[in-house]
Amino acid sequence: MTSLSRRDFSKLAVVAGAAIGRLNAAGLRNTGSIDDTLRTGIERRRIPAVTAMVATADSILYQGAFGKRDASTGTPAKIDSIFAIASMTKAITSTAALQLVDQGKVKLDEPASKFLPDLKDIQVFEGVDSSGKPKLRPARKAVTLRHLLTHTSGLCYDTWSQEMQDWIKAGGTPPSGVAPKVPLMFDPGARWQYGYGLDYSGKLVEAVSGLTLEQYFQQNIFQPLGMVDTTYENKPEKRDRTVSRYDYQPDGSFKEQSRDFPTNLFNGGGGLNSTVGDYIKFTQMILRNGRGADGKQILRPGTVKQMSSNQIGGLG
């Protein structure tokens, strides 16, 4: 995952979105202002590269690429440049899990431990005792696929969870790898908190299908949609289109990583590589109520409607 400030990238996305909104209202007659917004935005915020695309369900209205593929050669980014898409992987994992729901192989509200034994006796962290040791108790309800998909399971990233940081400080093992074995920070369904739910959703897809996530995604989502550049693998033949990853340094600078990185772990929470064109094909499927460009149904229309509706009520 590129260690780039989410805040900086979000600011750029908001500004670009506003420009796109203005142009959309005018029928996208002049896309120059989108180009200017993206070009000046990445320069001002020191974002190495960006590709962008605007589409309806059936057509592409805008596309552009700005910045450099890598710092060492200065090769320009192109519209087919391949990026590490980080947590944009989550939407694809959610689609895979919901396909299994559509097929009746999984139920949204049954205990996920039916397929993932690690969740069967999971405990909840309740702070530390007087000696500084973590206090744990059994969860009051079972974790379900619905909880995992909606970030209401209690499985939290330590980056944004003070409770997770407190648990680690009290001697808990820092999370690592895919679907780390960590306690819940609250009972399932009690709160919303961004976290490892999609890691576990990916593991559930693998357990039910008998395939790795790479195999399942390719067979059931990427190939049907024509997403030819989306994969967990870092393929040598596509290296010349792959954008460098960077680590954000304490002084605010970026340190470029080697582009010869290994294939990512098959993690439902992040790790895919893709192009903007491939990802647009995925989002257009959502806009078509689950149907690919060739008419193949990837998800049921009713499932897509559920995906676009509030699943957590007033939780926050």
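**Close-up 1. Contacts of T212 in the loop between α6 and α7 of the predicted model.** Leaving aside its neighbours within four places in sequence, T212 is in contact with E206 and F266. The second of these partners, F266, stands 54 residues from T212 along the chain, and the C-alpha atoms of T212 and F266 are separated by 7.3 Å. T212 has a relative accessible area of 27% and is therefore partly exposed, a class that lies between the buried limit of under 20% and the exposed limit of over 50%.

**Close-up 2. The packing of helix α3 with helix α6.** Helix α3, which covers residues 89-102, and helix α6, which covers residues 197-209, have their axes 9 Å apart and pack at an angle of about 40°. This angle makes α3 oblique to α6, because angles under 35 degrees count as roughly parallel and those of 65 to 115 as roughly perpendicular. The crossing of α3 and α6 is left-handed. On the side of α3 the contact is made by K90, T93, S94, A96, A97 and L100, while on the side of α6 it is made by L198, S201, G202, V205 and V208. Sorted by class, the contact of α3 with α6 holds six nonpolar residues, four polar residues and one charged residue.

**Close-up 3. The crossing of helix α3 with helix α7.** The axes of α3 and α7 cross at roughly 90° and come within 11 Å, and that angle makes α3 roughly perpendicular to α7. Helix α3 contributes I92, T93, T95, A96, Q99 and L100 to the contact, and helix α7 contributes Y216, F217, N220, I221 and F222. The residues of the contact of α3 with α7 divide into seven nonpolar and four polar, with no charged residue.

**Close-up 4. The crossing of helix α3 with helix α8.** Here the two axes come within 12 Å and cross at roughly 45°, an angle that makes α3 oblique to α8. Helix α3 passes α8 in a left-handed crossing. The contact is made by A91, I92 and T95 of α3 together with Y279, F282 and M285 of α8. By class, the residues of the contact of α3 with α8 are five nonpolar and one polar, with no charged residue.

**Close-up 5. The largest nonpolar core and the surroundings of L119.** The largest nonpolar core has 50 residues, of which I92, L119, L155, Y200, F217, I221 and F282 touch the most other members. Two or more residues of this core come from each of the elements α3, β4 (123-128), α4 (145-149), α5 (162-169), α6, α7 (213-225) and α8 (276-287). Among the contributors to this core, α7 gives the largest share, with six residues. Leaving aside its neighbours within four places in sequence, L119 is in contact with A112, S113, V143, L148, L155 and Y200. A second, separate core consists of nine residues, including I47, V50, Y62 and F66.

**Close-up 6. Two loop residues, H151 and A179, with positive phi.** H151 is placed in the loop between α4 and α5, and although H151 is not a glycine, its phi is positive, at about 60°. The relative accessibility of H151 is 10%, so this residue counts as buried under the limit of 20%. A179 is found in the loop between α5 and α6, and the phi of A179 is near 50°, again a positive value in a residue other than glycine. With a relative accessible area of 11%, A179 is therefore buried by the limit of under 20%.

**Close-up 7. Q223 in helix α7.** Q223 lies in helix α7, and Q223 is exposed because its relative accessible area of 57% is over the limit of 50%. The C-alpha atoms of Q223 and E237 are separated by 19 Å, and these residues are 14 residues apart along the chain.

Notes: Residues numbered from 1 in each chain as written. Predicted model: local features only at pLDDT ≥ 70, side-chain atom pairs only at ≥ 80, totals over all residues. Heavy atoms only, no water. Axes fitted to C-alpha atoms, helices over the stretch in contact; angles between N-to-C directions. Helix = DSSP H or I, 4+ residues; strand = E, 2+ residues; numbered from the N terminus. Parallel < 35°, antiparallel > 145°, perpendicular 65-115°, else oblique. Left-handed = near helix turned anticlockwise from the far one by under 90°. Contact = heavy atoms within 4.5 Å. Nonpolar A, V, L, I, M, F, W, Y, C, P; charged D, E, K, R; others polar. Core = buried A, V, L, I, M, F, W, Y, C linked by side-chain atoms within 4.5 Å. Buried < 20%, exposed > 50% of the residue type's maximum accessible area, 1.4 Å probe, protein only.
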